[in-house]
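Thanks for coming. I will take one chain today, beginning with its charges and ending with its sheet.

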Amino acid sequence: MSETVKVLRTIEIDNPDDTRLADYTRLTDAGLRTHLEAEHGLFIAEGTKVITRAVAAGYPVRSMLLGQSRLADLPALTEAASATATPETTNPTQVYVVPDEVAESLTGFRVHRGALASLARKPLPAARAVIGDARRIVVLEDLVDHGNVGAIFRCAAALGVDAVLLSPRCADPLYRRSVKVSMGAVFAIPYARMTGWHDGLAELKSGGFRVLALTPDERAGPITKALRGAENVALLLGTEGDGLSGRWLDEADEAVRIPMNPAARAAGVDSLNVVAAAAIACHLLVGRNHDGS
């Protein structure tokens, strides 16, 4: 890249109602953000590290927002933008520099993790495309907590799961909180959203996957036993609290559980939260030896 290419252009703004800042309006309002981000095909990344990972993953940057107290982040942001610039780059990314109080007024929270960036979404692949290249898949049914979705993506990416599939009503992995909690892991693992829930597992089965439903039910077999000798495995994780739907439990090839300590179970501790369960299950799912050795 030519050294004459300017990849960032800073613009000072002190009015939170400036239309150039519209992408960053009321970031804590989930209803508003879901509508706005879908309409404009964007998402928000928070923090220089996460922005860097999003840019490296090929998401085009629409603009950035930087509080005046975080101007020290500019060199790192410039380096991230420069890494993907080409000699044909002619339009530098706009970096809107605002007083800290304006950033808080605009976004609805105290911006203390550095820059925010508005990035364009990329088209999601079809479920069949994700399934075709994978051997170990995690499937999320109707998880609605963005933080949990982000944390599970981080577990799946860190532990080597090949892909994630989402039911139609599952929370958006590119919602700001999901991206933040995942620390950018949502950019590191292929994922797709099912077009329908009712027959959502049929494509997995036709693709040769053994479908395992994770449940706290004591009647289910240990997950380590079910994984022995299995080639392609899809692990189902259910929504917070209620777990998997009856339909998906019935359609799975086998229900599996993470065994609880007997004394803990006797005291009423019969399960883990979905993120902790996902971390253990992902570790077992991709382990070199599935017999516990």
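How many positive and how many negative side chains does the chain have, and how far apart do the centres of the two sets lie? There are 31 positive side chains and 35 negative ones, and the two centres are 4 Å apart. Please keep in mind that this is a predicted model.

Some overall values next. The chain has 293 residues, and 46% of them count as buried. Its C-alpha atoms fill a box of roughly 60 × 45 × 35 Å, taken along the principal axes. The accessible surface comes to about 14200 Å², with 49% of that belonging to carbon and sulfur atoms. If we take contacts between residues at least 6 apart in sequence, 81% of them join residues at least 24 apart.

Now the secondary structure. The chain contains 12 helices and 12 strands. Seven strands make up an open sheet with parallel pairing, and reading across, the order is β8-β7-β6-β11-β9-β12-β10. Which strands are at the edges? They are β8, residues 191-193, and β10, residues 221-222, and each of these pairs on one side only.

Let me walk through part of that sheet, starting from β9. Strand β9 covers residues 210-214 and pairs with β11, residues 233-237, in the parallel sense over four bridges. Within this pairing, A213 stands opposite L236 of β11.

Two helices that pack on the sheet come in here. Helix α6, residues 146-159, touches β6 (136-140), β7 (163-166), β8 and β11. The direction of α6 makes about 150 degrees with that of β7. Helix α12, residues 274-285, also packs on the sheet, and its contacts are with β6, β9 and β11. For α12, the angle between its direction and that of β11 is about 170 degrees. Strand β11 is thus touched by α6 and by α12.

Back to β9, and to its pairing with β12. Strand β12 spans residues 254-257, and β9 pairs with it in the parallel sense over three bridges. What is the bridge partner of A213 in β12? That partner is A255. So A213 has L236 opposite it in β11 and A255 as its bridge partner in β12.

One more pairing takes us to the edge. Strands β10 and β12 pair in the parallel sense over two bridges, and G221 stands opposite V256 of β12. Beyond that there is no further partner, as β10 is an edge strand and pairs on one side only.

That is what I have; questions are welcome.

Methods:
Residues numbered from 1 in each chain as written. Predicted model: local features only at pLDDT ≥ 70, side-chain atom pairs only at ≥ 80, totals over all residues. Heavy atoms only, no water. Pairing = 2+ DSSP bridges. Contact = heavy atoms within 4.5 Å. Axes fitted to C-alpha atoms, helices over the stretch in contact; angles between N-to-C directions. Buried < 20%, exposed > 50% of the residue type's maximum accessible area, 1.4 Å probe, protein only. Areas by Shrake-Rupley, 256 points an atom, 1.4 Å probe, with all protein chains shown as cover. Lys, Arg positive; Asp, Glu negative; His and termini not counted. Charge placed at Lys NZ, Arg CZ, Asp CG, Glu CD.
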